[in-house]
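Biologist: Could you take me on a close look at one part of this protein? I would like to hear about its salt bridges, with a word on the surroundings afterwards.

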Amino acid sequence: MLNLERLRTLDAVARHGSVSGAADGLHVTTSAVSQQLSKLEREVGQRLLARNGRGVRLTDAGMLLAEHAARILSQVQMAQADIEAQRGRVVGEVRLAGFPTAARGLFPGALAALRAGHPELRVRTTELEPEPGVRAVLRGDADLAIVLDWSNKRAPVPGGLERAHLFDDTADVALPAAHPLAGREAVDLVDFADEEWVSWPEGEFCHDWLMFTLRSQGIEPRIGHLAGEHHTQLALVAAGLGVCVTPRLGRPVPEGVAFVPVRQKMRRHIYATWRADAGRRPSVRAVVGALRAVAEPLGC
């Protein structure tokens with residue numbers, strides 16, 4: 001008989017691509033992962049891992065068994081979801097990931113409501129940008145992730161995932177308080193054609209969106225600074241080093257910065273996403289419901 005926990009370990013190595021990555025994902029030591037894999041190799045009578053430089057790779061037998069392990073673990077998760085749904089109780093643990101402004105703007109209220117309404121439920125949270133959050137859900141390292149796309153640049157839903165729309169979050173232009181446009185009721189993006197911009201890091205979805213949006217208005221972006229956190233972006237703006245786009249969710253309001261609405265509305269669509277085989281879990285549905293309750297009055 002194949003041991004389920006050892007199959008889970010092999011699946012983690014296949015998903016993360018390394019023993020250390022599997023250990024991090026499973027919250028165990030690398031030694032524990034190696035021991036589980038050695039026992040699994042003895043059970044099946046074949047080598048499952050081979051040296052690959054300083055790391056390891058799955059052998060043909062390892063890849064074959066890992067494919068079966070992924071299907072078996074998916075069936076186990078579906079069985080657990082069905083049992084939990086049949087009980088109808090919101091219990092156990094849910095691992096929730098969200099990008100920083102969602103974590104700041106949604107998590108406190110939703111988690112407080114869940115603690116009051118479902119004391120047997122434990123929600124563990126972590127901050128992850130949308131793309132890593134989606135990968136974490138696909139790998140099984142998170143049960144739910146809060147993700148986003150933009151009204152003029154949509155993100156596809158990977159196979160095997162479901163999602164629920166939470167709300168739309170409007171973004172404004174942030175500019176130094178002394179800027180000539182700071183007192184306007186509204187601005188056009190072309191008003192900033194000659195400005196330096198503070199953007200998200202290259203390769204991130206929101207950076208690509210900003211480049212696409214500015215170019216669609218005939219503006220060739222002049223990117224002066226890159227920063228992942230809105231706090232950092234706004235500090236650079238307050239220092240007179242550029243302008244940036246800042247969504248309203250969880251937005252800090254530092255001194256020396258003005259926010260001006262844009263006539264070409266810029267909206268982020270905020271979603272909760274989860275694996276389809278976990279959608280029947282009452283705990284997952286409860287977390288989505290709590291997030292929706294907090295998000296509803298924020299929609300704009």
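Modeller: Happy to; what follows goes through the salt bridges, then turns to a helix and a cavity. Please keep in mind that this is a predicted model.

The count comes to 16 salt bridges, and a good place to begin is Asp172. The side chains of Asp172 and Arg251 meet in a salt bridge, at 3.0 Å from N to O. Because Asp172 sits in strand β6 and Arg251 in the loop between β9 and β10, this pair ties together parts that are 79 residues apart in sequence. Asp172 has a second partner: Arg248 forms a salt bridge with Asp172, with 2.9 Å between the closest N and O atoms. That pair also links distant parts of the chain, 76 residues apart, since Arg248 belongs to the loop between β9 (244-247) and β10 (257-260) and Asp172 to strand β6.

How do these residues stand with respect to burial? Asp172 has 2% relative accessibility and therefore counts as buried, the cut-off being under 20%. Arg248, at 34%, counts as partly exposed, and Arg251 is partly exposed as well, with a relative accessible area of 22%.

A salt bridge within a helix is found in α1. Here Arg15 pairs with Asp11, and their closest N and O atoms are 2.7 Å apart. The two residues are four apart in helix α1 (residues 4-16), so about one helical turn separates them. In general, an α-helix has 3.6 residues a turn, so residues three or four places apart point the same way. Arg15 is partly exposed at 27% relative accessibility, whereas Asp11 is buried at 10%.

Now for the helix I promised, α7. Its buried residues, in the run 130-139, are Pro130, Gly133, Val134, Ala136 and Val137. They lie on the same side of α7, because they cover an arc of only 160° around the axis. What do these buried residues pack against? Their partners are β5 (144-150), β6 (161-176) and β11 (266-275); β6 is also the strand that holds Asp172. After α7 comes Gly140, with a positive phi near 90°.

Finally, the cavity. The structure holds one cavity of 30 Å³ or more, and the largest cavity has about 110 Å³ of space. Its lining is made of 13 residues, with Pro100, Glu129, Trp200, Gly228 and His230 lying nearest its centre. By class, that lining has six nonpolar, three polar and four charged residues.

Conventions:
Residues are numbered from 1 along each chain as its sequence is written. This is a predicted model: local features need pLDDT of at least 70, side-chain atom pairs count only at pLDDT 80 or more; totals for chains, interfaces and linings use all residues. Side-chain values use heavy atoms; hydrogens and water are left out. On a 1 Å grid over the protein atoms alone, a cavity is a set of points where a 1.4 Å probe fits but cannot get out, and a pocket is an open set with protein on both sides within 12 Å along at least five of seven lines; lining residues have an atom within 4 Å of a point. Grid points are joined across faces, edges and corners, and a volume is the space filled by probe spheres set on the points. Ala, Val, Leu, Ile, Met, Phe, Trp, Tyr, Cys and Pro count as nonpolar, Asp, Glu, Lys and Arg as charged, and the others, Gly among them, as polar. Buried means under 20% relative accessible area, exposed over 50%, partly exposed in between (1.4 Å probe, protein chains only). The arc is that of the directions from the helix axis to the C-beta atoms. Contact means heavy atoms within 4.5 Å. A salt bridge is a side-chain nitrogen of Lys or Arg within 4 Å of a carboxyl oxygen of Asp or Glu.
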